[in-house]
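Here is a friendly walk through one structure, from its loops and helices to its salt bridges and its main pocket. Keep the viewer open as you read.

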Amino acid sequence: MNRRFNIGAKMYLFVAATVILSIAGISTFSYIINVGQIDSFYKRLTINSANYVRGLVDGDYLSELRDVIESDEFQELRDHAEEIDDDSQIIEYLDERGLWDRYVETRDTLRSVVEDMDDIEYLYLVTWSTEPSEDGNYYDMYLIDADDLPFYQSGYWEEREPEFEGVLPTDTIAPVISEGDWGWLCSGYAAVYDSSGNIICHIGCDVNMDQIMAQRKTNLIYLAAGAVICALIVLLGASFLVNRIIVKPLNNLTKGMKEFAPAVGRNYKESGVIDLTIRSRDEIQDVYEETRSMQMRLIDYIDDITNIRKEKEQVEVEISKVSKEAYRDSLTGIGNKTAYTAKVKELNNRILNNDRAFSIVMVDVNCLKEINDEYGHNLGDLYLNGSCHLICEVFKHSPIYRIGGDEFVAIPNGEDYDNRVQKVAELRQLFEEAYKDTSVDPWLRYSASVGIADCTEKDLSAEYVFARADKEMYREKVTFKQDHGMSQSPRDSAEL
């Protein structure tokens with residue numbers, strides 16, 4: 001999509017597309033008309049042949065034959081004959097019912113038609129089922145086939161061809177041209193009636209179209225080759241004119257423009273201002289003159305533009321530095337109270353928009369005063385940084401803020417929010433294990449009390465959520481002091 005596509009190539013493509021599409025359209029239209037006429041001829045031939053055969057068969061006889069063949073007794077006999085590959089029992093069965101001689105006569109009639117008409121490939125009598133079977137498919141039964149098949153093929157049920165799925169057995173079934181196991185065939189059906197006007201079966205006529213389809217492919221190749229030759233001749237002439245009138249002048253102009261390289265301190269010549277001889281008296285000359293004028297104006301102002309850009313970049317760098325420092329805690333490097341205040345505004349806006357899917361985790365570091373008093377503020381700062389590191393490790397996908405000397409807040413995001421209860425439990429476990437580790441220095445035995453609260457429908461602002469998290473944290477802090485024999489502050493007693 002980003003590849004350069006010059007106007008010369010576009011002109012060539014436009015001319016080529018116009019010529020090719022015009023010739024291709026005419027050729028395709030001609031081909032479609034020819035194909036349509038041939039297909040129409042073969043469809044008429046198929047139906048006319050089926051209608052012709054319909055006049056040669058006896059519908060009343062076929063009605064009687066169909067009743068016998070559809071009987072369970074005949075079907076069992078037919079299955080047995082097929083298993084032993086012996087149709088003598090079939091012949092005897094039909095002969096006993098006075099149907100055999102007419103069967104042979106009808107079959108000979110079908111064969112004579114196939115022999116007399118070279119285009120007909122298959123001719124047969126078939127009964128079309130009107131209802132689908134239990135498996136949802138339609139099965140049709142063959143009464144008589146012109147092919148030299150065993151007589152037990154009569155009464156054989158076969159799944160209907162896909163191209164005729166859903167077609168109802170009416171008087172004339174529209175022919176269909178398709179390619180299958182027997183090659184290209186045009187298949188059509190004409191109904192056979194008894195003397196009472198009931199449809200007994202259909203004359204199935206398949207006309208072979210293999211030769212026509214092969215010839216069609218050959219004609220298509222010739223047609224395509226002729227179209228290509230005509231297109232090439234026209235394209236050569238059109239390309240010569242396009243190159244002389246448009247492409248060559250544009251290429252010279254493009255080359256001159258590419259050599260233009262303005263820089264601070266360079267004059268027109270050193271910057272490569274375009275200098276050509278174009279007297280075409282058209283839009284290309286206008287473009288050349290305007291381009292030359294624009295390049296000269298650009299060089300006149302380039303020094304001022306460069307200076308302004310440098311000043312702007314320097315200001316942006318300074319602003320970025322000031323912004324980062326304003327929101328970062330100088331000791332731990334995480335967000336400070338100012339950053340947290342901005343986050344609270346964001347959370348309050350979410351509440352106004354009915355988006356309460358957030359939580360606040362309050363963490364208050366234990367024993368910081370004892371570390372500062374006994375070991376100094378430097379190690380107290382180390383103690384705070386270590387505690388902060390544990391919080392960041394657990395809530396690694398979430399913003400964390402230091403809002404007081406020993407107070408931290410985390411706003412769980414993403415998977416931290418989805419697993420917030422487990423995360424808080426994990427954080428408490430880490431602090432508990434760190435505090436119990438007496439093998440390290442006291443300022444490395446990190447300890448903190450943790451509280452969490454989810455935003456609910458009753459919370460009018462993020463401050464309500466913070467207050468509940470802070471209250472839960474102080475309950476845990478009181479428990480910690482009681483467990484470790486530390487004195488409680490007045491606030492601790494009030495929280496109890």
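## Two loop residues with positive phi

Asn-354 is exposed, since its relative accessible area of 54% is over the 50% cut-off. In this predicted model, Asn-354 sits in the loop between α9 and β7. Its backbone deserves a look: phi of Asn-354 is positive, about 60°, although the residue is not a glycine.

Asp-85 is another case to check. It follows α3 and lies in the loop between α3 and α4. Its phi is near 55°, again a positive value in a residue other than glycine. Asp-85 is exposed, with a relative accessible area of 54%.

## Helix α9

Step back from Asn-354 and you come to helix α9, residues 337–352. Does the helix have the length its residue count suggests, or what span should we expect? With 16 residues at 1.5 Å a residue, α9 should span 22 Å, and its end C-alpha atoms are 23 Å apart, which agrees.

The buried residues of α9 are Ala-339, Tyr-340, Lys-343, Val-344, Leu-347, Asn-348, Arg-350 and Ile-351. They pack against β7 (359–365), β8 (400–402), β9 (407–410) and α14 (462–483).

## Helix α3 and its two sides

The same length check works for α3, residues 72–84. Its 13 residues should span 18 Å at 1.5 Å each, and the end C-alpha atoms are 19 Å apart, in agreement. Which residues of α3 are buried? They are Phe-74, Gln-75, Leu-77, Arg-78 and Ala-81. Because these residues cover an arc of only 160° around the axis, they lie on the same side of α3. The general rule behind such patterns is that an α-helix has 3.6 residues a turn, so residues three or four places apart point the same way.

What does the buried side of α3 pack against? Its partners are α2 (59–70), α4 (88–96), β2 (139–145) and β3 (156–159). On the other side of α3, Asp-72, Glu-76 and Glu-83 are exposed.

## Salt bridges

How many salt bridges are there? The count comes to 23. One of them joins Lys-423 and Asp-416, with the closest N and O atoms 3.9 Å apart. If you plan to assign protonation states, note the setting of this pair: both Lys-423 and Asp-416 are buried. Arg-297 and Glu-290 also meet in a salt bridge, at 3.5 Å from N to O. Arg-297 is partly exposed at 39% relative accessibility, and Glu-290 is partly exposed at 46%.

Glu-432 and Lys-436 form another bridge, with the closest N and O atoms 2.8 Å apart. Both belong to helix α13 (residues 420–436), and because they are four residues apart, about one helical turn separates them. Glu-432 is partly exposed at 38% relative accessibility, whereas Lys-436 is exposed at 55%. Elsewhere, salt bridges that share partners join Asp-58, Arg-102 and Glu-105 into one network.

## The largest pocket

The largest pocket has a volume of about 700 Å³. Its lining is made up of 34 residues, and those nearest the centre are Tyr-124, Tyr-142, Glu-158, Glu-161 and Trp-182. Which elements give two or more residues to this lining? They are α5 (100–116), β1 (120–127), β2, β3, β4 (172–180) and β5 (183–193). The most comes from β2, with five residues.

Glu-158, one of the residues nearest the pocket centre, is found in strand β3. At 24% relative accessibility, Glu-158 counts as partly exposed. Leaving aside neighbours within four places in sequence, Glu-158 is in contact with Tyr-138, Tyr-139, Asp-140 and Tyr-142. Glu-158 and Tyr-142 are 16 residues apart along the chain, and their C-alpha atoms are separated by 8.0 Å.

## A buried serine

Finally, turn to Ser-387, which is found in helix α11 (residues 377–394). Is Ser-387 buried or exposed? At 0% relative accessibility, Ser-387 counts as buried. Not counting residues up to four places away in sequence, Ser-387 touches Val-365, Phe-431 and Tyr-446.

How values were computed
Residues are numbered from 1 along each chain as its sequence is written. This is a predicted model: local features need pLDDT of at least 70, side-chain atom pairs count only at pLDDT 80 or more; totals for chains, interfaces and linings use all residues. Side-chain values use heavy atoms; hydrogens and water are left out. The expected span of a helix is 1.5 Å times one less than its number of residues. Buried means under 20% relative accessible area, exposed over 50%, partly exposed in between (1.4 Å probe, protein chains only). The arc is that of the directions from the helix axis to the C-beta atoms. Contact means heavy atoms within 4.5 Å. A salt bridge is a side-chain nitrogen of Lys or Arg within 4 Å of a carboxyl oxygen of Asp or Glu. On a 1 Å grid over the protein atoms alone, a cavity is a set of points where a 1.4 Å probe fits but cannot get out, and a pocket is an open set with protein on both sides within 12 Å along at least five of seven lines; lining residues have an atom within 4 Å of a point. Grid points are joined across faces, edges and corners, and a volume is the space filled by probe spheres set on the points.
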